Amino acid sequence: MKAMTTEPSFEQLNKRCERGIAKMSDAQAIVHIGELIDDALDASFERGAKRALYLLGELSNRELANTDRALIEYFRANAWAALSHIANVRRSWSWESPDRQAELLALSRASNHPGFAGLDKVRRCQILTNHANLLHEVGRSIDAIAVWDEALKIIPSFAMARGNRGSGLKSYAGMVVDDRERAILALHAFDGLRSTMAEDALYDSVDTRDIFAHFAKQATELAAAVNIGAVRAMQDLNHGYEGRSKNERAYRRWCLEHRLFLCPLNDLGPHLAAATDDLMLPPLTEGLSDRPDSHLPPPIIGFFSQMKQEYASARFMLFEGMTSTRVHFSDRGVALTDTLDYPLYSLASERVRTAFRIAYSLLDKIAFLVDRYWALGKVPDRISFKNVWMVENKARLLPKFEKRDNLPLRGLFWLSKELFDNQLKQTSAADGRELHGIRNALEHTYLRVSEGWAKPLMIDGTSNNGFGIAIGSDELEAKAVRVMQMTRSALFYVSFAIGVEERKKQLANPGQLIGSMPLYGLEDGRKRRDPF
């Protein structure tokens, strides 16, 4: 945010904190606050970061341009990052961190603000890269990769996005069970890390020596662990199942473009090799007396398969709802009233609504899986994705999770923070409250969906005069895709988290005699409805 200068003294920092912004222009106030945040971080000056947050709140009360409002959120995130650094939160394994949560929310608000598109390219890349870096730090590597990719769409040579994406892929590869997929992720991690040293790499800072060394070290570690040349020769990402019909091929391409296949390779891009849902639970270990029906596979396996099926079916409903251009025969003869607000009533619209509902409900089912696998003892009908981590009826993390050494499980916990509910209201996502409102309206009240082109013409906006809420069809489709992507990430994180726990069991009992039960895949032909 500022050029390299001599660090101010403690007395100068205190004087800078005492300066108000009432007589400053918007631009002057933004510069002053930015310098205050930088100095607070450099000098580990807590008062400076807190003063910056106060001034940002004061500045936000003015009539500001949208670009300035987006910038305020970015600066707010930087102030929270400075406080985290000063409190040494970044090196702590503690799951809970109000500073991190506030920083994530500010970065989410910055990148989702209408003024974001008006910021210069480098600033947009900085916001997205910082957001992705923090997601990766809390264990959400899958979600971080998508955000780094957004930054690289803006400036493909942006070095910090390239390198940190490489670090994220390296972490992701370490969680994947399949040898081939793990090796391919590691290869792309290596390429990303090495690309930070290319001639075209664009850095947003002057001194890059430490950054170079950091990324080079990780690249060297990968080269020592993986035969890079051999993996590059065998990866063949453009080979895979395309589909039989024109419609199936369109569906698979759509899934690839939206990163909705349950395959880690889909996070590398819309590669045909990723057009499969091969995510499975890891091998599970049980005691012989753990279950009375131990001759059958553990119930968790069937439950995970059921969730996968619900996810895949909701995904196809969403595709059909978003791509349908015809009136379905089931809609013919259904007498409805034209309410003069360009309402959208159709089977296609209902498919989008249903896909949203199923995807959101799957998050609560994943919470039920967390309760059962980690033996939390929760009351099943009170479990939600938001509260499963907490002491009953309290906004306090269960002691079992406080410093648990399980990165994907922590990532799942931090993914839950994107949601909003009426008891645990804090969220780390700019649209968390909106997603909750849509879900609640779909399940319990009234979601009025208008044709997307007409929504801006509606006088009452989203209020619907207190009778439910209103939304455009394009907005609902975008939110449904978003919830589907959240659910996809959650399925990955819970599978990886169980894998971490199962490996801990093996390490704790190295000499234990273990029997095995073979499990077989369900053939596609068995998925046909039995007519009898």
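A residue counts as exposed when its relative accessible area is over 50%, as buried when that area is under 20%, and as partly exposed in between. Those cut-offs come up in several of the points below. Please keep in mind that this is a predicted model.

1. **Two residues with positive phi.** A375 is a good place to start, because its relative accessibility of 58% is over the 50% cut-off and makes it exposed. This alanine is in the loop between α14 and α15, and its phi is near 50 degrees, a positive value in a residue other than glycine. S44 also has a phi near 50 degrees, and again the residue is not a glycine. S44 belongs to the loop between α2 (26-43) and α3 (46-59). With a relative accessibility of 42%, S44 counts as partly exposed. You may like to look at both backbones on your screen.

2. **The stacked pair W95 and F401.** The count of aromatic pairs comes to 20. One of them joins W95 and F401, which are stacked, with 5.3 Å from centre to centre and 10 degrees between the planes. This pair links distant parts of the chain: W95 is in the loop between α4 (66-86) and α5 (98-112), while F401 is in the loop between α14 (347-373) and α15 (407-416), 306 residues apart. W95 and F401 are both buried.

3. **The rest of that aromatic cluster.** How are the rings of F413 and W414 arranged? Their centres are 6.1 Å apart and their planes stand at 80 degrees, so the pair is edge-to-face. F413 is buried, and W414 is too. W95, W389, F401, F413 and W414 together make up one aromatic cluster. There is a charge to note here as well: the charged end of K417 sits over the ring of W414, 5.1 Å from the ring centre.

4. **A buried glutamate, E418.** E418 is in the loop between α15 and α16 (432-444). Its relative accessible area is 7%, so this acidic residue counts as buried. What does its side chain meet? The side chain of E418 makes a polar contact with the side chain of R482, at 2.8 Å. Setting aside neighbours within four places in sequence, E418 is in contact with R140, T427, S428, A429, G432, R482 and M486.

5. **Cysteines.** A disulfide is a covalent bond between the sulfur atoms of two cysteines. How many does a search of the whole structure find? The result is 0 disulfides. Among the cysteines, C17 is buried with a relative accessible area of 1%, and C125 is buried with 0%.

6. **Helix α8.** This helix covers residues 159-173, and at 1.5 Å a residue its 15 residues should span 21 Å; the end C-alpha atoms are 21 Å apart, which agrees. The helix is mostly covered, with 14 of its 15 residues buried.

7. **Helix α9.** Helix α9 has 16 residues, 179-194, and reaches 22 Å from its first C-alpha to its last, close to the 22 Å expected. Its buried residues include E181, H188 and F190. Among the elements that cover the buried residues of α9 are α8, α10 (209-225) and α11 (228-234). At the start of α9, a side-chain oxygen of D178 comes to within 3.1 Å of the backbone nitrogen of R180.

8. **A106 in helix α5.** A106 belongs to helix α5. With a relative accessible area of 2%, A106 is buried. Apart from neighbours within four places in sequence, A106 is in contact with E73, R76 and A77. The C-alpha atoms of A106 and L435 are 17 Å apart, and 329 residues separate the two along the chain.

9. **N133 in helix α6.** N133 is part of helix α6 (residues 121-137). Is N133 buried or partly exposed? At 22% relative accessibility, N133 counts as partly exposed. Not counting residues up to four places away in sequence, N133 touches W148 and N164. The C-alpha atoms of N133 and I145 are separated by 9.2 Å, with their positions 12 residues apart along the chain.

Key:
Residues are numbered from 1 along each chain as its sequence is written. This is a predicted model: local features need pLDDT of at least 70, side-chain atom pairs count only at pLDDT 80 or more; totals for chains, interfaces and linings use all residues. Side-chain values use heavy atoms; hydrogens and water are left out. Helices (H or I, at least four residues) and strands (E, at least two) are DSSP runs, numbered from the N terminus. The expected span of a helix is 1.5 Å times one less than its number of residues. Buried means under 20% relative accessible area, exposed over 50%, partly exposed in between (1.4 Å probe, protein chains only). A disulfide is a pair of cysteine sulfur atoms within 2.5 Å. Contact means heavy atoms within 4.5 Å. Rings of Phe, Tyr and Trp (its six-membered ring) pair if their centres lie within 6.5 Å; planes under 30 degrees apart count as stacked, over 60 as edge-to-face and the rest as tilted. A charge sits over a ring if NZ of Lys or CZ of Arg is within 6 Å of the ring centre and within 35 degrees of the ring normal. A polar contact is a pair of N or O atoms within 3.5 Å; within protein, one must be able to donate a hydrogen and the other to accept it, and residues adjacent in sequence count only if both atoms are side-chain atoms.
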